[in-house]
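Got your viewer open and a cartoon view ready? Let's walk through this one stop by stop.

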Amino acid sequence: MHCVRKVTDDLYWVGANDKRLNLFENIHPIPRGTSYNSYLLMDEQTVLFDTADWSVCRQFLDNIEYVLDGKKLDYMVINHMEPDHGASIEEILLRYPDVKIICSVKAADFMRQFRFHTDNVETVKEGDVKSFGKHQVTFVMAPMVHWPEAMVSFDTTNGVLFAADAFGSFGSLDGKLFADEVNFDRDWLDDARRYYTNIVGKFGANVQNLLKKAAGLDIKYICPLHGPVWRQDFDYILDKYNKWSTYTPEEKGVMIAYASMYGNTEAAANILATKLCEKGIANVALYDVSCTHVSYLIAEAFKYSHLALFSVTYNLNVFPVMANFLEDMAALNLQNRTVATVCNGTWAPQAGPKMIEAVSKMKNTTLLNEGLTVASSLNEDTYAQLEQLADTIAESLQ
């Protein structure tokens with residue numbers, strides 16, 4: 001049975017939601033599920049923009065059949081070949097063998113790699129235009145947002161930007177297709193940030209290139225491949241994307257992340273959080289990295305201007321989960337942050353120097369201290385040092 005929604009008079013959302021999936025890309029927790037968005041344009045020639053993940057293929061195919069209502073499918077535009085959007089290509093080819101595929105040259109290569117075989121492929125390049133009747137669609141290349149074959153398609157007739165993986169979010173739509181049908185800032189922003197920072201975050205310069213291209217388009221709808229469709233409040237989401245892609249903190253505040261084995265490092269982190277709040281710095285978020293998936297930590301690191309990293313020493317190194325967090329920050333190109341480090345150790349406190357070494361490699365990053373060291377447990381001296389560190393962070397935030 002079909003489950004579709006209209007985007008415009010002749011454009012339909014024919015995607016589907018998956019609330020059973022626990023891990024996106026088999027790594028990122030998605031407790032609210034995800035949507036796989038696909039769009040079907042009913043012009044003189046019918047056009048499907050992207051397909052859907054195999055897990056929702058049955059619903060996806062029912063939706064297409066309902067909207068087509070006996071008409072043939074003329075074209076399928078592939079903006080992004082990643083399997084969560086391209087897995088159902090073969091099913092479309094089986095059911096609509098005369099459909100012509102439009103995609104980038106690199107996407108055509110990837111189709112062959114995924115063994116989707118068809119000779120009915122039309123490759124396009126930057127600025128190419130295709131008419132499907134009254135609708136004229138321009139193709140804009142978006143390499144490394146976040147795969148090299150990615151492109152976006154802009155319908156100049158009704159101002160719809162088919163944005164591929166840009167402007168997406170984790171989360172099942174649950175019937176609410178448009179961002180203005182939900183309280184996005186309250187209920188969706190955290191998932192959108194976590195999606196961007198972990199999936200696209202490394203490629204900020206490429207996103208900036210796409211934003212510059214988009215600035216010249218008369219956009220009335222943004223149709224991403226995950227999450228809600230935007231039809232108003234474009235400045236809100238564009239501002240977020242501009243900050244995230246330039247690694248500019250969204251907020252002045254402090255993310256405290258700690259890795260503790262027996263509670264002493266945790267106690268130090270709690271003292272710092274308390275001291276900061278006493279000094280009027282209430283925008284403080286505290287995380288135990290052993291209990292928090294790294295995708296959430298990355299999203300928060302992109303959000304806040306200041307990071308305070310606490311780690312116990314383990315095998316003469318940084319505690320493994322903290323080391324993983326540091327590695328992910330580097331892999332996702334996080335920069336422009338102010339960082340303080342606190343190390344704990346009993347006989348060879350090496351976590352501090354290792355954290356400082358890792359942080360020092362981050363672009364445009366300011367180290368607030370040379371590392372505070374806790375010798376096993378807290379005492380009056382370390383308590384005073386934590387107070388001083390809170391003063392230093394508070395001053396830096398002014």
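What follows is a short tour of a predicted model, with a sheet, a helix pair and some cysteines as the stops.

**Stop one: the sheet.** Select strands S12 to S16 and colour them along the order S12-S13-S14-S15-S16: these five make an open sheet with mixed pairing. Now look at the edges, where you'll find S12 (129-131) and S16 (221-223). Each of those has a single partner strand, so one of its sides has no neighbour in the sheet. Going from one strand to the next, the twist averages 20°.

Zoom in on residues 136-141 and 151-155, which are S13 and S14. Five bridges join this pair, and the strands run antiparallel. Show Val 140 as sticks and you'll see Val 152 of S14 standing opposite.

**Stop two: a helix pair.** Next, select 189-200 (H6) and 234-245 (H8). How far apart are the axes of H6 and H8? They are 11 Å apart, and the helices pack at an angle of about 35°. The crossing is right-handed. For the side chains, pick Leu 189, Ala 192, Arg 193 and Tyr 196 on H6, then Tyr 236, Lys 240, Tyr 241, Trp 244 and Ser 245 on H8; these make the contact. By type, that's six nonpolar residues, one polar and two charged.

**Stop three: the cysteines.** Hunting for disulfides? The whole structure has zero. Why is Cys 3 not bonded to Cys 57? The sulfur in Cys 57 is the closest cysteine sulfur to that of Cys 3, but at 16 Å it is too far for a bond. Switch on a surface to finish: Cys 3 is partly exposed at 45% relative accessibility, and Cys 277 is partly exposed too, at 43%.

Key: Residues numbered from 1 in each chain as written. Predicted model: local features only at pLDDT ≥ 70, side-chain atom pairs only at ≥ 80, totals over all residues. Heavy atoms only, no water. Pairing = 2+ DSSP bridges. Helix = DSSP H or I, 4+ residues; strand = E, 2+ residues; numbered from the N terminus. Axes fitted to C-alpha atoms, helices over the stretch in contact; angles between N-to-C directions. Left-handed = near helix turned anticlockwise from the far one by under 90°. Contact = heavy atoms within 4.5 Å. Nonpolar A, V, L, I, M, F, W, Y, C, P; charged D, E, K, R; others polar. Disulfide = S-S within 2.5 Å. Buried < 20%, exposed > 50% of the residue type's maximum accessible area, 1.4 Å probe, protein only.
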